[in-house]
Amino acid sequence: MPIILVVDDSDVDRLLMKGLLSTDVDWLVSQAKNGVEAVDMVTYALPDVVVTDLNMPEMDGLQLVSHMAESFPEVPVILVTGEDDSEIALKALRHGAASFVPKQQLAESLLETVEQVLAVRDADHYDERVVQLTTNTRYRFVLDNDPTLISPVIDRIQQGMIAMHLCSATQRMHIGIALEEALLNAMLHGNLEVPSNKLLEIRNLLHEGKTSTIVEERRSEQPYADRKIHVAADFNRSRAQLVVGDGGSGFDVESVWPQSAEDRINEESGRGLLLIRTFMDEVLFNETGSELRMTLKELRPQAV
């Protein structure tokens, strides 16, 4: 049974988040009033995910993110941000937070974000005795527009990284989340051309293991049915590169991918691309927007 620790000094907000997360009957949701209390609880019993508000007395959310990344890197932290917390949220992501949820989107996005992080974290259960022999590895996949293929592909790639002890648990989580966002973008935006106002609903359904009517319909209709997703993952001891391409008609890259994306942190439509841009060192679309290349240039090996 996954344990989710909710940290917030506001009784009202803490209970709100607990209520949203308790809709999944398989989760145990515990609470802490600030970062200091949360650290005491984590030291006593590790949760599976920490969800923390940003502004708290004694130890705020950013300090808690840094402490967890240093002392408990295997526990992912999700930061809840306010409307004016864009720069701090980005700083938290760069210092080890697994993801973020704008406070005004809690009802729509909190459960889905925790489910995403838990799914990526599951790949971390491995045998430390695995002998480290491989110097590089490559994966190539050609996917139909079946959303149930996304998690197995990410798991397969992450297991290869784990076997090679390529990077820290935090980096591996960031790579997994970035790859999931890229695959969802390629499938829903690119190949199936799903309307933007349907995307959040579809993502929530997928993370609950349910099907989406519009996705199922378009998978069997032309021109969507024959479109594929091409995935390439290349790793060596210092660098990770992932390429995701779709068969869609593309988009105006400049309008969706400006030089600075910080001002879009509270827009659900840009949140996935912002996570990718924050977690990876180099992110490039091709001219038509149908291929995304992501590179992490400095891997920090996991201690064996």
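## Exercises on pockets, cavities and sheets

The lining of the second largest pocket divides by class into nine nonpolar, six polar and eight charged residues. Here Ala, Val, Leu, Ile, Met, Phe, Trp, Tyr, Cys and Pro count as nonpolar, Asp, Glu, Lys and Arg as charged, and the others, Gly among them, as polar. The structure is a predicted model, in which local features need pLDDT of at least 70 and side-chain atom pairs count only at pLDDT 80 or more, while totals for chains, interfaces and linings use all residues. Residues are numbered from 1 along each chain as its sequence is written, and side-chain values use heavy atoms, with hydrogens and water left out.

**Exercise 1. Describe the volume and the lining of the second largest pocket.**

Step 1. Fix the terms. On a 1 Å grid over the protein atoms alone, a cavity is a set of points where a 1.4 Å probe fits but cannot get out; a pocket is an open set with protein on both sides within 12 Å along at least five of seven lines; lining residues have an atom within 4 Å of a point. Grid points are joined across faces, edges and corners, and a volume is the space filled by probe spheres set on the points.

Step 2. The volume of this pocket is about 420 Å³.

Step 3. Its lining consists of 23 residues, and Ser151, Leu206, His207, Glu208 and Gly209 lie nearest the centre. Two or more lining residues come from each of helix H5 (106-121), helix H6 (150-163), helix H7 (169-191), helix H8 (199-207) and helix H9 (213-219). Helices (H or I, at least four residues) and strands (E, at least two) are DSSP runs, numbered from the N terminus.

**Exercise 2. Describe the largest and the second largest cavity.**

Step 1. Searching the whole structure yields three cavities of 30 Å³ or more.

Step 2. The largest cavity holds about 110 Å³ of space. It is lined by 16 residues, of which Pro73, Val75, Pro76, Gly96 and Thr170 are the closest to its centre. At least two lining residues come from each of helix H3 (61-71) and H7, and H7 gives the largest share, four residues. By class, this lining has 11 nonpolar, three polar and two charged residues.

Step 3. The second largest cavity has a volume of about 50 Å³. Its lining is formed by Ala182, Asn185, Ala186, Val244, Asp246, Phe285, Gly289, Ser290, Glu291 and Leu292. H7 and strand S10 (291-296) each give two or more residues to this lining; the largest share, three residues, is that of H7. Five of the lining residues are nonpolar, three polar and two charged.

**Exercise 3. Establish the strand order of the open sheet of five strands, and the helices H1 and H2 that pack on it.**

Step 1. The order is S2-S1-S3-S4-S5, with parallel pairing. Strand S2 (28-32) and strand S5 (99-102) are the edge strands, each pairing on one side only. Two strands pair if DSSP finds at least two bridges between them.

Step 2. Trace the pairs. S1 and S3 are parallel and share four bridges, with Leu5 having Val50 of S3 as its bridge partner. Four bridges also join S3 to S4 in parallel, and Asp53 stands opposite Val80 of S4. Strand S4 (residues 77-81) pairs with S5 in the parallel sense over four bridges; Phe100 in S5 is the bridge partner of Leu79.

Step 3. Add the helices. Helix H1 (residues 11-21) packs on the sheet and touches strand S1 (3-7), S2, strand S3 (49-53) and S4, its direction making about 170° with that of S2. Helix H2 (residues 35-44) packs on the sheet against S1 and S2, and its direction makes about 135° with that of S2. Axes are lines fitted to C-alpha atoms, for helices over the stretch in contact, and angles run from 0 to 180 degrees between N-to-C directions. Contact means heavy atoms within 4.5 Å.

**Exercise 4. Determine which residues of S3 and S6 are buried, and classify Ser99.**

Step 1. Buried means under 20% relative accessible area, exposed over 50%, partly exposed in between (1.4 Å probe, protein chains only).

Step 2. Because five of the five residues of S3 are buried, S3 is largely enclosed by the rest of the structure. Val49, Val51 and Asp53 cover one side, and Val50 and Thr52 the other, all of them buried.

Step 3. In strand S6 (residues 136-143), the side chains alternate: Thr137, Tyr139, Phe141 and Leu143 point to one face and are buried, whereas Asn136, Arg138, Arg140 and Val142 point to the other and are not. S6 pairs with strand S7 (residues 229-236) in the antiparallel sense over eight bridges, and Leu143 stands opposite Ile229 in S7.

Step 4. Ser99 lies in strand S5 and counts as buried because its relative accessibility is 0%. Leaving aside neighbours within four places in sequence, Ser99 is in contact with Val77, Ile78, Leu79, Leu93, Thr113, Val117, Arg271 and Leu275.
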